[in-house]
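User: I would like to learn how to read a protein surface around a nucleic acid, and then how to read a helix. Please work through both on one example.

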Amino acid sequence: MAALQPVRGTHDLIGEEARRHDHIVSTFKAVAHRYGFQDISTPIFEFSEVFHRTLGETSDVVSKETYTFTDRGGESLTLRPEMTAGIARAFISGGLAKDLPLKLCGHGPMFRYERPQKGRLRQFHQVDAEVLGVPEPQADIEVLALGADFLGALGLGSRVELKLNTLGDTDSRNNYRQALINYFSAYQDQLSEDSLKRLDRNPMRILDSKDEGDRKLVVDAPRLHDYLNEASRTFFDKVRRGLDALGIGYTLDERLVRGLDYYSHTAWEFVTTDLGAQGTVLGGGRYDGLIALMGGPQTAGIGFAAGIERLAMMIAPPVAPARAIAIVPIGEAAEVPALQIARRLRQAGYTVEQGYRGNVGKRLERASKHGARVALLLGDDEIAAGTVKCRDLDTRAETVVAIGQIESALADYR
RNA sequence: GCGGGCGUAGCUCAGUUGGUUAGAGCGCCAGAUUGUGGCUCUGGAGGUCGCGGGUUCGAGACCCGUCGCUCGCCCCA
């Protein structure tokens, strides 16, 4: 740490950047609440086992990207790389199984030790929605609709595309997985180095390889659709019919796979081409086996997470905060009365800024530069008369207002 | 973890085949204007040239390492 610089892959949020994040979170909350979701906030670290048992040892996220450390009590803890596992842990340890179904929304920082890139940080932020205890496809449709409405509310409806797939239930998925292993094993000498590793860890990943040679092999690889059992097929059909009925467009993408191991049935991503390599803006799926896997009661689950930094790069600049009223004391004697007036106005709900130094010209200059809408000038003459001079910074019009009536007199500038 | 590009003032950048006091625009501060802002004019502050080492009489420039950013791979939100 030679110079004082932020840790690699971390970012300070200030000004418009902070406003973009806030806007995304508050938009998400507003839409999710309309869908009947309630807020949840879980710790940013958990016992390491929470993630290792749930995300699967085969996932890169857990096997080589977590921030894991031993605390002073000797416990192995891990900074959360995603929200779902923590929520599932909270569900089990909090005995929430009594209240099903449960619809939860949250947001916050996540941590992954990756090589930073545009749209990929080591500390990044997500909004997250989960529905627990609904094995029916209605939940899939509702959660997908929530995602679509959220992105729509951010003004991104036309800039993202929904890609949809099913992974089938556990049986279907396992059968298909085995079929892929059988198929690709015959071509081990032709597979890329990366795909060779995927072959035993996560063979479905080979399907979306970008390697030329791999792609040729993929063309004739077994199709997932052929390995779906009746139940899986019916389930997916209902999801699709639901989306059609709601007018939510999507494209089927048989090669869409989730990165984390616990997913089954519906999987989806909202993607964009505007962000380069990090095109996925929201990703989700169903995870009916997760909670049981963690030692809880068999409970269906489905949810998604969206990357706030990625969305922040796409949305239009959020509206700036309310334009302030600037209070400009003139002369020593006005300093304290100015403070009193500022406080009264703030307590009455106005946004008030004060110039801290300089002559009237300087203070007005600063006020207009910071976007103030009106300046209240307070000097010896005004104090003697019990008034302030109210200067509209857009029109330059000045009026005299009695200090006693100042809250109501400024109503137009609230 | 792999490969490519880039780091000069708060910001955007210039800086000749290596040459002595490193520049511009914008921004910032002050004055012109001690009770009136945006324009204008004048002046000023601000730089370990990312950091460390090497080559050289001499390095912002060349070489090596390192840190950071960035694009792609991988992975994923």
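Analyst: The RNA surface comes first, then one helix; the model is predicted.

User: Which residues are closest to RNA strand B, and how many surround the strand?

Analyst: A residue is near the strand if one of its heavy atoms lies within 4 Å of it. Here 52 residues surround RNA strand B, and Q5, K118, R205, L393 and R396 are the closest. Of the RNA atoms that come within 4 Å of the protein, sugar and phosphate account for 54%.

User: What is the make-up of that surface by class?

Analyst: The surface near RNA strand B has 25 charged, 14 polar and 13 nonpolar residues. Helix α13 (360–369) is one of the elements that supply at least two residues, and α13 gives the most, with seven.

User: Which parts of the RNA do individual polar atoms meet?

Analyst: Take base and sugar in turn. A polar side-chain atom of R396 lies 2.4 Å from a base nitrogen of RNA strand B. An N or O atom in the side chain of E65 is 3.3 Å from a sugar or linking oxygen, while G307 places a polar backbone atom 3.4 Å from a sugar or linking oxygen.

User: Now the helix. Where do the buried residues of α6 fall, seen down its axis?

Analyst: Buried means under 20% relative accessible area. In α6 the buried residues are S172, R173, Y176, A179, L180, Y183 and F184. They fall within an arc of 125°, so they line one face of the helix. The face turned away from them carries the exposed residues T170 and D171.

User: What covers the buried residues of α6?

Analyst: The cover includes α7, α8 (212–219) and α9 (230–246).

Notes. Residues numbered from 1 in each chain as written. Chains lettered and ligands numbered in written order. Predicted model: local features only at pLDDT ≥ 70, side-chain atom pairs only at ≥ 80, totals over all residues. Heavy atoms only, no water. Polar contact = N/O pair within 3.5 Å; in protein donor to acceptor, adjacent residues only side chain to side chain. Helix = DSSP H or I, 4+ residues; strand = E, 2+ residues; numbered from the N terminus. Nonpolar A, V, L, I, M, F, W, Y, C, P; charged D, E, K, R; others polar. Buried < 20%, exposed > 50% of the residue type's maximum accessible area, 1.4 Å probe, protein only. Arc of directions from axis to C-beta. Contact = heavy atoms within 4.5 Å.
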